[in-house]
Amino acid sequence: MKTYHDIKNLHFSGEYMILTIDGEEKKFRIKEISSTLERASQSEKNAYEVSPSGYGIHWPLIDEDISVDGLLGIAHSREPKRKTA
């Protein structure tokens with residue numbers, strides 16, 4: 001399985017979500033990434049799952065998913081498929 005990111009130490013402090021991504025601590029304002037997560041209780045926020053590949057984070061109690069690339073502002077473009085005759 002391809003590993004996208006190494007996610008560790010996810011926690012919440014006030015209006016911020018703080019986590020370590022690929023060895024660097026990052027801080028994100030919750031209201032800027034998810035209104036659902038912003039409205040969640042502390043226990044709902046603390047019940048999360050990091051995908052085995054490190055691609056995303058899922059909060060099952062509130063059915064919220066956030067991609068790590070999205071948090072980091074990494075955009076992916078689709079390569080057009082070539083048609084062959």
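Okay, let's start with a question: in S6, which residue is the bridge partner of His-58? It's Asp-65. Keep that pair in mind, and I'll build the sheet around it.

Quick caveat before I go on: what you're looking at is a predicted model.

So, the overview. We've got four helices and six strands here. Walking along the sequence, the pattern goes β-β-β-α-α-α-β-β-β-α. The protein has 85 residues, and 31% of them count as buried. About 6,200 Å² is exposed, with carbon and sulfur atoms supplying 45% of that. And if you take the contacts with a separation of 6 or more, 33% of them come from residues 24 or more positions apart.

Now back to the sheet. It's an open one, three strands, in the order S4-S5-S6, and the pairing is antiparallel. The edges are S4, residues 49-50, and S6, residues 64-67; each has a single partner strand, so one side of each is left without a neighbour in the sheet. As a general reminder, strands of a sheet pair through backbone hydrogen bonds, either parallel or antiparallel.

Let's take the S4 side. S4 and S5, which is residues 56-59, pair over two bridges. Val-50 has Ile-57 as its bridge partner in S5, and for Glu-49 the partner in S5 is His-58. So there's our His-58 again, bridged to Glu-49 and also to Asp-65 over in S6. The S4 and S5 strands make a hairpin with five residues between them, and if you check the turn, Gly-54 has a positive phi of about 80°.

On the other side, S5 and S6 pair over four bridges, again in the antiparallel sense. That hairpin has four residues between the strands, and there Asp-63 takes a positive phi near 50°.

Last stop, another histidine: His-5. You'll find His-5 in the segment before strand S1, which covers 7-13. Is it buried or exposed? His-5 counts as buried, because its relative accessibility is 10% and the cut-off for buried is under 20%.

What do the side chains around it do? His-5 has a polar contact of 2.8 Å with the side chain of Asp-22, and another, of 2.5 Å, with the side chain of Asp-69. Leaving out residues up to four places away in sequence, His-5 touches Ile-21, Asp-22, Ser-53, Gly-54, Val-68, Asp-69 and Leu-72. Notice Gly-54 in that list: that's the residue we just met in the turn of the S4 and S5 hairpin.

How values were computed:
Residues numbered from 1 in each chain as written. Predicted model: local features only at pLDDT ≥ 70, side-chain atom pairs only at ≥ 80, totals over all residues. Heavy atoms only, no water. Pairing = 2+ DSSP bridges. Buried < 20%, exposed > 50% of the residue type's maximum accessible area, 1.4 Å probe, protein only. Polar contact = N/O pair within 3.5 Å; in protein donor to acceptor, adjacent residues only side chain to side chain. Contact = heavy atoms within 4.5 Å. Areas by Shrake-Rupley, 256 points an atom, 1.4 Å probe, with all protein chains shown as cover.
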